[in-house]
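Open the model in your viewer and keep the sequence panel beside it. The stops below say what to select next and what is there.

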Amino acid sequence: MDHASTPLETVRAGIAKAASIAGRKAEDITLIAISKTHDAEVILPLIEQGQRVFGENRVQEAQGKWPALKDSFHDIELHLVGQLQSNKADDAVALFDCIHSVDRPSLVTALARAMEKAERKLPCFIQVNIGEEEQKGGCAIADLPGLLEQARAAGLPVVGLMCVPPADIEPAPFFAFLAKLAADNGLEKLSMGMSGDYETAIKLGATHVRVGSALFGAR
Ligand SMILES: *Cc1c(COP(=O)(O)O)cnc(C)c1O
């Protein structure tokens, strides 16, 4: 009897297929397993299957489970994908390895200061409010060049752009727009695509896909 595919195998196959359709290499796409709301006992099986890159959306929640896991598995990479308050910048820089949610001048200042203090430079993505939604995190599209200039001047290692497109609309135009903004601003990495649309995002250039429920089940 064939063994059933694990969710991780299914997502990896989806990434490989989308990459191949787009003429890209699957190795050039980083799968970030978004483990928010899930405990270590749910995360461990994924680690045992070889997954090493994880993401959380809240600093405090991540502080509760990741220090022990990182002690046991030294090659784990932890990404912060949710909104960050400036007063948590030190905590975030101590625990995470990459920040996807840089979206305003005060946070650029706080992160640059925290990284200098900790002598630890983390790659950062600027989050863009690509659908110009009122409640959504991310900088306004018009504010991107200025924020990027400030971040570069402050020594923040900005590697790319991140977005969460509006729900319940075809995401492809938003992904394509984010890719264009990145190219226009000399940025190589694109953090875009979640459980429902990571294949589309890969076809449009995603280098980092953030997948939660397709790996861990519904929250
Ligand atoms: C929760 C979350 C994800 C993962 O969403 P799924 O639909 O469960 O894959 C991706 N990005 C961010 C910013 C999130 O908060």
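Select Glu132 to begin; this residue sits in the loop between strand 5 and helix 6 (144-153). The model you are looking at is a predicted one. Is Glu132 buried or exposed? With a relative accessibility of 54%, Glu132 counts as exposed, because the cut-off for that class is over 50%. Now check the backbone: the phi of Glu132 is positive, about 50°, although the residue is not a glycine. For context, a negative phi is what most residues other than glycine have.

Go back along the chain to Glu119. Where is this residue placed? Glu119 is in the loop between helix 5 and strand 5 (124-127). Its phi is near 50°, again a positive value in a residue other than glycine. Glu119 has a relative accessibility of 76% and so counts as exposed.

Next, select Lys117 and Asp90 together and show their side chains. They form a salt bridge, with the closest N and O atoms 3.2 Å apart. Lys117 belongs to helix 5 (residues 105-118) and Asp90 to helix 4 (residues 89-95), so this pair ties together parts that are 27 residues apart in sequence. Lys117 is exposed, at a relative accessible area of 63%. Asp90 is partly exposed, at 39%.

Move on to a group of three residues: Glu56, Glu61 and Lys65 are joined into one network by salt bridges that share partners. Select Lys65 and Glu61 before the rest. Their side chains meet in a salt bridge with an N to O distance of 3.0 Å. Both lie in helix 3 (residues 59-72), and because they are 4 residues apart there, about one helical turn separates them. Glu61 counts as partly exposed, with a relative accessibility of 23%.

Now add Glu56 to the selection. Lys65 forms a salt bridge with Glu56 as well, and the closest N and O atoms of that pair are 3.0 Å apart. Are these two partners buried or exposed? Lys65 has 11% relative accessibility and counts as buried, since the cut-off is under 20%. Glu56 is at 0% and therefore also counts as buried. How many salt bridges does the structure hold? The count is 9.

The next stop is Gly50. Look for it in the loop between helix 2 (40-48) and strand 2 (53-56). Gly50 is partly exposed, its relative accessible area being 38%. Draw a distance from the C-alpha of Gly50 to that of Leu8: the two residues are 42 apart in sequence, and 9.5 Å separates them in space.

For another distance, select Lys17, which lies in helix 1 (residues 7-21). Lys17 counts as exposed, at 57% relative accessibility. Draw a line from the C-alpha atom of Lys17 to that of Ala110. The line spans 40 Å, and 93 residues along the chain lie between one position and the other as a separation in sequence.

Finally, clear the selection and view the whole protein as a cartoon. What does its secondary structure come to? There are 9 helices and 8 strands. Turn the model along its principal axes: the C-alpha atoms fill a box of roughly 60 × 40 × 30 Å. The radius of gyration is 17 Å, which agrees with the value near 17 Å that a compact globule of 219 residues would have.

Switch to a surface view. The accessible surface comes to about 10600 Å², and carbon and sulfur atoms account for 50% of that area. Of the 219 residues, 47% are buried.

Two more totals describe the protein. Of the contacts between residues at least 6 apart in sequence, 59% join residues at least 24 apart. Colour by charge for the other: there are 22 positive and 29 negative charges, and their mean positions are 2 Å apart.

Definitions and conventions
Residues are numbered from 1 along each chain as its sequence is written. This is a predicted model: local features need pLDDT of at least 70, side-chain atom pairs count only at pLDDT 80 or more; totals for chains, interfaces and linings use all residues. Side-chain values use heavy atoms; hydrogens and water are left out. Helices (H or I, at least four residues) and strands (E, at least two) are DSSP runs, numbered from the N terminus. The radius of gyration is taken over C-alpha atoms; the globule rule is 2.2 Å times the number of residues to the power 0.38. Buried means under 20% relative accessible area, exposed over 50%, partly exposed in between (1.4 Å probe, protein chains only). Contact means heavy atoms within 4.5 Å. Accessible areas come from the Shrake-Rupley method with a 1.4 Å probe; for residues, only the protein chains shown count as cover. Lys and Arg count as positive and Asp and Glu as negative; His and the chain ends are not counted. The place of a charge is taken as NZ of Lys, CZ of Arg, CG of Asp or CD of Glu. A salt bridge is a side-chain nitrogen of Lys or Arg within 4 Å of a carboxyl oxygen of Asp or Glu.
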